[in-house]
Amino acid sequence: MTRKLVTWALMLGLSTILSAKEPTRQLLRELDAALANAATYEGYFQQRTDVLRQMLAGKNTPEQEYEIRKKLASEFTAYSLDSTVVQLGRNRALARQLGDAYRQAETDFALAREYALAGYHSDALDILSGYRLEAIPPGLEYTFFEVSCYLYGELAAYSSNNAQYWQKKDMYRVSMLPFLEEGTYEWYDLQRVQAESDRDKEKALEYALKALEVTEPNSRQYARAAFFVSVYQQDPDDEIAWLARSAIADVLCANKDYASLNTLAERLYRQGDIDRAFKYAADHGMPDALFFGGKLRPWQIAQFFPSLEQAYAAKNARHTRQMWLLIGLAGLLLLALAGLLFYLSRRQRVLVRTRKALEEEKARVDRRNQTLQDVNERLQALNNELQESSKVRQEYIALYLQNLSENISTSRQYKNHVLKYIRRGNDKYLIEEIEALPPIEDDIREFYQMFDRTFINLYPDFVDEFNALLADGEAIVPKGDDILTPELRVFALIKLGITESSKIAALLHYSANTVYNYRAKIKNKARGDRELFEDAVQAIE
């Protein structure tokens with residue numbers, strides 16, 4: 001049966017969690033957060049009790065000490081049974097010391113209530129059986145009825161022969177009503193108990209909600225009222241939500257004796273939320289119950305804890321198997337990854353070698369291209385020089401042909417003219433006409449102008465570049481309408497490749513000595529080596 005229950009819980013776990021309403025999931029998250037900070041709330045509780053202990057350590061009358069211990073017992077009532085019993089025991093001694101029957105009965109009733117809450121029903125019954133109704137001090141009747149009602153309700157719930165206990169519980173409940181003001185928490189709670197006895201769950205829920213309305217949020221009364229609201233819920237999700245609210249209030253109040261968290265753990269276990277149920281029961285419910293010191297809560301938790309523990313172990317075992325399966329798969333993936341990395345490493349080495357070979361080949365091609373480019377540039381330069389030389393030749397050929405044609409025409413005209421005068425016998429007029437011709441210097445000057453224009457057209461920057469080869473202050477500047485000076489004409493012919501002084505003299509109608517002197521004079525003005533001057537002139541572009 002237990003195995004079937006565990007299997008059922010595990011199968012329903014995921015679907016239950018996913019189907020839970022978002023407000024309920026949010027309440028469970030808030031409860032988880034509150035439990036995570038339980039030590040903080042317990043610290044606040046300790047601060048309150050420390051204040052009372054400090055007051056107790058001062059000088060107090062027995063009456064003052066009694067009231068302080070009464071407050072301490074009230075603080076400890078849901079926190080520690082032993083601490084509560086200690087404070088009430090000392091108050092019982094103080095009441096006897098004072099001979100105060102009221103305080104003694106008040107303390108006994110408080111102690112009986114604590115025993116009844118903790119599950120020590122016989123101890124509570126022993127205390128209450130020592131009081132007759134007529135002997136109860138005035139003002140404590142309601143307290144006696146309240147404790148008796150709760151005690152007999154507990155006895156009825158946990159005993160087989162419970163008819164008489166239910167009867168006594170109802171008797172004391174009816175006896176409490178005249179002492180209560182309608183609309184108070186206690187009044188609504190009694191009405192709830194009555195509706196529950198009448199099996200009217202709707203009415204019981206109504207009174208439980210009314211009781212909740214008149215409580216302070218997150219107080220001990222709020223935790224108790226919210227728990228009873230959960231009891232009457234039809235929807236399991238709503239039941240869990242109210243149990244969570246009640247449990248949050250218990251945590252905030254630092255209660256160690258509670259029912260909500262334990263019941264919530266049992267409900268979550270039944271619905272398949274094994275992890276949270278085990279956490280609530282094992283990490284909080286059982287330790288808190290043992291800390292409180294009662295015997296009722298540990299017994300209640302023990303009713304379902306073995307099944308919960310077995311389900312939790314089964315789930316952990318399943319998770320362990322899944323973990324080992326994942327580890328195995330991860331190992332296979334790592335092996336596959338290692339193989340892939342090895343393959344990629346080999347491919348990378350091949351690619352590196354290929355890339356290196358391509359880079360070397362590219363470098364060789366670049367060097368060849370550079371060599372070809374250099375050769376092409378040199379060829380281009382030679383071609384430019386050839387074009388320039390061709391241009392010079394063309395210019396001079398055209399000029400030469402033009403002059404030759406003009407000289408032929410002129411000679412033919414003079415021949416015809418002379419023959420005409422000779423045939424006529426006019427030798428005298430022929431002599432006079434020849435003597436009247438312009439002097440030869442005009443022809444030479446016209447030749448110089450034509451040469452200068454032609455040369456400068458071919459080399460427009462010749463004069464500036466020629467002067468750049470001379471020392472500072474030695475520049476040759478043509479004067480007047482002259483384009484070139486005699487010296488410049490000499491070196492212009494040298495630029496054209498005519499380097500023999502005799503040829504230069506014949507072309508320019510200078511004497512050979514004059515040409516020699518011009519060349520020597522200019523080279524003496526050279527900026528650099530005079531022996532290389534004429535080579536530099538020939539290199540002028």
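Residues with under 20% relative accessible area are called buried, those over 50% exposed, and those in between partly exposed. Keep these cut-offs in mind for the views below, which all come from a predicted model.

**View 1. The whole chain is built with helices and no strands.**
If you count along the chain, you will find 24 helices and 0 strands. Of its 541 residues, 36% count as buried. The chain exposes about 32,300 Å², and carbon and sulfur atoms supply 55% of that area. Now think about contacts between residues at least 6 apart in sequence: 63% of them join residues at least 24 apart.

**View 2. L340 belongs to a nonpolar surface patch.**
Look for L340 in helix 17, which runs over residues 305–424. Is L340 buried, exposed or partly exposed? Its relative accessibility is 43%, so L340 counts as partly exposed. Together with L334, L337, L341, Y343 and L344, L340 makes a nonpolar patch of about 600 Å² on the surface.

**View 3. Helix 10 packs against three other helices.**
Helix 10 covers residues 185–197, 13 residues in total. From its first C-alpha to its last it reaches 18 Å, close to the 18 Å expected at 1.5 Å a residue. Its buried residues are Y185, W187, Y188, D189, L190, Q191, R192, V193 and A195. Which helices do these buried residues pack against? The partners are helix 9 (163–176), helix 11 (201–213) and helix 12 (220–231). Just past the end of helix 10, you can spot R199, which takes a positive phi of about 60°.

**View 4. D189 of helix 10 reaches R224 through its side chain.**
Stay with helix 10 and zoom in on D189, one of its residues. D189 counts as buried because its relative accessibility is 13%, and the cut-off for buried is under 20%. Which residues does D189 touch, once its neighbours within four places in sequence are left aside? They are R224 and F228. With R224 there is also a polar contact between the two side chains, at 2.9 Å. For another distance to trace, go from D189 to L209: these residues are 20 apart along the chain, and their C-alpha atoms are separated by 9.7 Å.

**View 5. A254 is a loop residue with a positive phi.**
A254 lies in the loop that links helix 13 (236–252) and helix 14 (260–271). Its phi is near 60°, a positive value in a residue other than glycine. Is A254 buried or exposed? With a relative accessible area of 6%, A254 is buried.

**View 6. H509 also has a positive phi, and it sits in a loop too.**
Between helix 22 (501–508) and helix 23 (512–524) is a loop, and H509 is found there. H509 is a residue other than glycine, and its phi takes a positive value near 60°. Is H509 buried or exposed? The relative accessibility of H509 is 52%, so this residue counts as exposed, given that exposed means over 50%.

Conventions. Residues numbered from 1 in each chain as written. Predicted model: local features only at pLDDT ≥ 70, side-chain atom pairs only at ≥ 80, totals over all residues. Heavy atoms only, no water. Helix = DSSP H or I, 4+ residues; strand = E, 2+ residues; numbered from the N terminus. Expected span 1.5 Å × (residues − 1). Buried < 20%, exposed > 50% of the residue type's maximum accessible area, 1.4 Å probe, protein only. Contact = heavy atoms within 4.5 Å. Patch = residues over 30% accessible without salt bridge, like charges linked within 9 Å, V, L, I, M, F, W, Y side chains within 5 Å. Areas by Shrake-Rupley, 256 points an atom, 1.4 Å probe, with all protein chains shown as cover. Salt bridge = Lys/Arg side-chain N within 4 Å of Asp/Glu carboxyl O. Polar contact = N/O pair within 3.5 Å; in protein donor to acceptor, adjacent residues only side chain to side chain.
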